[in-house]
Amino acid sequence: MRSDDEQDSPKTRADYRREQERAEQEFQERDRKRVQVEKEYARTHGGETPSDDAPTEQRVNPVDSKQQRLGRRLNWAIFWLVLLIIAVYLILFFLD
């Protein structure tokens, strides 16, 4: 435990970096254990074990698919607006 003097004094950069590195190592260890437990659970319960060698292209991010769908709809909207603008100019040109 820290004494009262150490608690009152501000942290140095080195202390802060050590704390951050320790927290990162603890996170990596927890994450590694979590993945190991998930694989073991999938093995024991007949699920498909996710392999680390699986290509990432097969995993579709829902945000990416929504962005692609929105982009496609936006492109079509721009296309129809351009066609309508051309139609209005043609109508105004021939009616005048």
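A salt bridge, as I will use the term this morning, is a side-chain nitrogen of Lys or Arg lying within 4 Å of a carboxyl oxygen of Asp or Glu. With that in hand, we can start with Asp31 and Arg34, which form such a bridge, their closest N and O atoms being 2.6 Å apart. Please keep in mind throughout that this is a predicted model, and that every value I quote was computed from it.

Let me first set out the whole chain before coming back to that pair. The protein contains three helices and zero strands, so that, by the way helices and strands are assigned here, the order of elements from the N terminus reads α-α-α. The average pLDDT of the protein is 84, and 78% of the residues score at least 70. Among the elements, helix α1, which covers residues 4-8, has the lowest mean pLDDT, at 60, whereas α3 has the highest, at 93. Where pLDDT is low, the predicted coordinates should not be read in detail.

How much of the protein is buried? Of its 96 residues, buried ones make up 1%, and the protein exposes about 9,700 Å², of which carbon and sulfur atoms supply 57%.

Now to helix α2, where the charged pairs I want to show you are found. This helix has 32 residues and reaches 46 Å from its first C-alpha to its last, which is close to the 46 Å expected at 1.5 Å a residue. After α2 comes Gly46, whose phi is positive, near 75°.

Side chains of opposite charge can pair when their charged atoms come close. A search of the whole structure finds six salt bridges, and I will take you through some of them. In the pair I opened with, Asp31 and Arg34 are separated by about one helical turn because they sit three residues apart in helix α2. Asp31 counts as partly exposed, at 27% relative accessibility, and Arg34 also counts as partly exposed, at 41%.

Which other residue does Arg34 bridge to? Arg34 also forms a salt bridge with Glu38, and there the closest N and O atoms are 2.8 Å apart. Glu38 and Arg34 both lie in helix α2, four residues apart, which is again about one turn of the helix. Through these shared partners, salt bridges join Asp31, Arg34 and Glu38 into one network. Glu38, at 44% relative accessibility, counts as partly exposed.

Another bridge in this helix joins the side chains of Glu29 and Arg32, at 2.5 Å from N to O. Both residues lie in helix α2, which spans residues 13-44, and they are three residues apart, about one turn of the helix. Glu29 counts as partly exposed, at 33% relative accessibility, and Arg32 is partly exposed as well, with a relative accessible area of 45%. As for the spacing in these pairs, an α-helix has 3.6 residues a turn, so residues three or four places apart point the same way.

Let me turn, finally, to the aromatic and nonpolar side chains. The structure holds three aromatic pairs. In one of them, the rings of Trp76 and Phe79 have their centres 5.6 Å apart and their planes at 90°, and the pair is therefore edge-to-face. Phe79 also forms an edge-to-face pair with Trp80, at 5.3 Å centre to centre and with 70° between the planes. Ring pairs thus link Trp76, Phe79 and Trp80 into a cluster. Trp76 and Phe79 are three residues apart in helix α3, and so they are separated by about one helical turn. Phe79 is partly exposed, with a relative accessible area of 39%, and Trp80, at 49% relative accessibility, counts as partly exposed too.

What surface feature do Trp76, Phe79 and Trp80 help to make? They belong to a nonpolar surface patch of about 1,200 Å², whose other members include Leu74, Ile78, Val82, Leu83, Ile86, Leu90 and Phe93. Phe94 is a member as well, and this residue lies in helix α3, residues 62-95. Phe94 counts as exposed because its relative accessible area is 65%, where exposed means over 50%.

To close, then, we have a network of Asp31, Arg34 and Glu38 joined by salt bridges, and a cluster of Trp76, Phe79 and Trp80 linked by ring pairs, both of them read from a predicted model.

Definitions and conventions:
Residues numbered from 1 in each chain as written. Predicted model: local features only at pLDDT ≥ 70, side-chain atom pairs only at ≥ 80, totals over all residues. Heavy atoms only, no water. Patch = residues over 30% accessible without salt bridge, like charges linked within 9 Å, V, L, I, M, F, W, Y side chains within 5 Å. Areas by Shrake-Rupley, 256 points an atom, 1.4 Å probe, with all protein chains shown as cover. Helix = DSSP H or I, 4+ residues; strand = E, 2+ residues; numbered from the N terminus. Buried < 20%, exposed > 50% of the residue type's maximum accessible area, 1.4 Å probe, protein only. pLDDT = per-residue confidence, 0-100. Expected span 1.5 Å × (residues − 1). Phe/Tyr/Trp six-rings, centres within 6.5 Å; stacked < 30°, edge-to-face > 60°.
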